[in-house]
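Student: Can we zoom in on one single part of this model? I'd like a proper close look, with the cut-offs spelled out as you go.

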Amino acid sequence: MKNEDILIGSHCGMAAPDFYLGTVKEALSYEATTFMFYTGAPQNGYRKPLNELKIEEGYDLLKKSGIDETKIVVHAPYIINLANRSKPELYEGSKEIFLNEIKRTSGMHASIIVLHPGAHVGQGSDEAIKALIEALDEIFDVDGTNVKVAIETMAGKGTEIGITFEQVHQIIEGSRHKDRLGVCLDTCHINDAGYDVHDVDGVLKKFDEIIGLDYLLVVHLNDSKNERGAHKDRHENLGYGSIGFKTLNAYVHHPLLVKVPKILETPYINDKPPYKEEIKMLRAGTFVEGWKEAF
Ligand code: FE
Ligand code: FE
Ligand code: ZN
């Protein structure tokens with residue numbers, strides 16, 4: 001890996017028999033310089049013990065590859081909702097799962113975990129943001145790690161919170177542990193939330209003014225199947241959605257984002273991962289017309 005290389009990677013799986021070793025191998029097969037993974041199934045909190053996941057083998061391979069371990073990313077399971085206290089058992093359950101996930105992130109030599117801020121389910125955003133802040137503070141009081149939690153910007157589906165930079169700022173501002181918080185900016189989500197994603201400088205300026213660019217830990221790089229403001233959240237492959245390759249490429253090569261890992265979460269094509277081809281186009285900065293047709 002060359003020093004001047006861009007920080008680009010994708011979501012990678014973690015399946016039997018190689019688990020984490022397989023995750024690292026998958027990332028390298030895409031010629032990625034970073035990657036993101038779930039520490040188990042994305043849709044539940046059931047987790048295999050770390051000692052069954054070939055972590056040290058994977059970590060050895062990662063170090064040999066030159067991938068910077070401080071830039072790899074874990075994604076929390078999406079059943080977690082720390083923003084709704086109307087069902088106490090679900091709120092407490094979410095806290096328990098997330099605390100465990102943070103410890104697993106640290107145990108897997110990663111230091112960033114992306115979290116969906118959650119949905120207010122009728123309680124209103126302000127109450128939801130309060131619930132989230134209190135849950136995170138409680139967890140940070142006891143988790144004993146340095147893992148940073150990157151709050152993901154959401155598209156505004158249903159009753160999601162964290163759909164404006166102001167709300168994300170409110171979450172960070174309210175925390176007793178600001179140093180443990182950061183942000184994951186998802187290009188599909190901000191487009192669907194109503195931001196003018198094509199105005200890259202404008203988006204980053206706004207982000208800096210409202211939240212502060214120091215808090216930007218991860219970019220999720222996705223095209224969108226929907227128009228600006230649609231509040232849908234359906235990812236599309238590079239160059240096949242309403243955002244387009246040129247804009248997404250501008251994020252990848254933007255001088256303010258050099259040190260920020262850019263992670264693709266674009267859909268598989270005919271059951272095959274598109275990431276090697278997408279990374280190649282982004283590294284070169286050139287779109288290959290009709291690339292998806294070859295799958
Ligand atoms: Fe996400
Ligand atoms: Fe995302
Ligand atoms: Zn999404």
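Tutor: Let's begin with the zinc ion (ligand 3), whose donors are spaced H-x43-D-x1-H along the chain. Before going on: this is a predicted model, where local features need pLDDT of at least 70 and side-chain atom pairs count only at pLDDT 80 or more, while totals for chains, interfaces and linings use all residues. Residues are numbered from 1 along each chain as its sequence is written, chains are lettered from A and ligands numbered from 1 in the order written, and side-chain values use heavy atoms, with hydrogens and water left out.

The zinc's protein donors (N, O and S atoms within 2.8 Å of the metal, or 3.2 Å for Na, K and Ca; water is not among the atoms, so sites may look incomplete) are His-189 through NE2, Asp-233 through OD and His-235 through NE2, at 1.9 to 2.2 Å. His-189 sits in helix α6 (residues 187-193) and His-235 in strand β9 (residues 235-236), so this pair ties together parts 46 residues apart in sequence. Helices (H or I, at least four residues) and strands (E, at least two) are DSSP runs numbered from the N terminus. Both His-189 and His-235 are buried, where buried means under 20% relative accessible area, exposed over 50% and partly exposed in between, with a 1.4 Å probe and protein chains only.

Now hop across to the iron: the zinc ion (ligand 3) and the iron ion (ligand 1) are 5.3 Å apart. That iron ion (ligand 1) has His-75 (NE2), His-116 (NE2) and Glu-152 (OE) as protein donors, 2.1 to 2.3 Å away, and along the chain they read H-x40-H-x35-E. His-75 is in strand β3 (residues 73-75) and His-116 in the loop between β4 and α4, so the pair links parts that are 41 residues apart in sequence. The two histidines differ in burial class: His-75 is buried at 1% relative accessible area, but His-116 is partly exposed at 22%. There's a second iron too: ligand 1 and ligand 2 are 3.4 Å apart, with Glu-152 coordinating both.

Some of these names come back in the largest pocket, which holds about 430 Å³ of space. Of its 21 lining residues, Tyr-38, His-75, Tyr-78, His-116 and Asp-233 are the closest to the centre. On a 1 Å grid over the protein atoms alone, a pocket is an open set of points with protein on both sides within 12 Å along at least five of seven lines, unlike a cavity, where a 1.4 Å probe fits but can't get out; lining residues have an atom within 4 Å of a point. Points are joined across faces, edges and corners, and the volume is the space filled by probe spheres set on them. The lining splits into nine nonpolar, seven polar and five charged residues; Ala, Val, Leu, Ile, Met, Phe, Trp, Tyr, Cys and Pro count as nonpolar, Asp, Glu, Lys and Arg as charged, and the others, Gly among them, as polar.

Last, the helix after the His-116 loop. α4 covers residues 125-142, and its buried residues include Ile-133 and Asp-137. Both touch Ser-175 (contact means heavy atoms within 4.5 Å), as does Leu-181. Ser-175 lies in the loop between α5 and β6 and is buried at 7%.

Technical notes. Expected span 1.5 Å × (residues − 1). Lists of a residue's contacts leave out its neighbours within four places in sequence.
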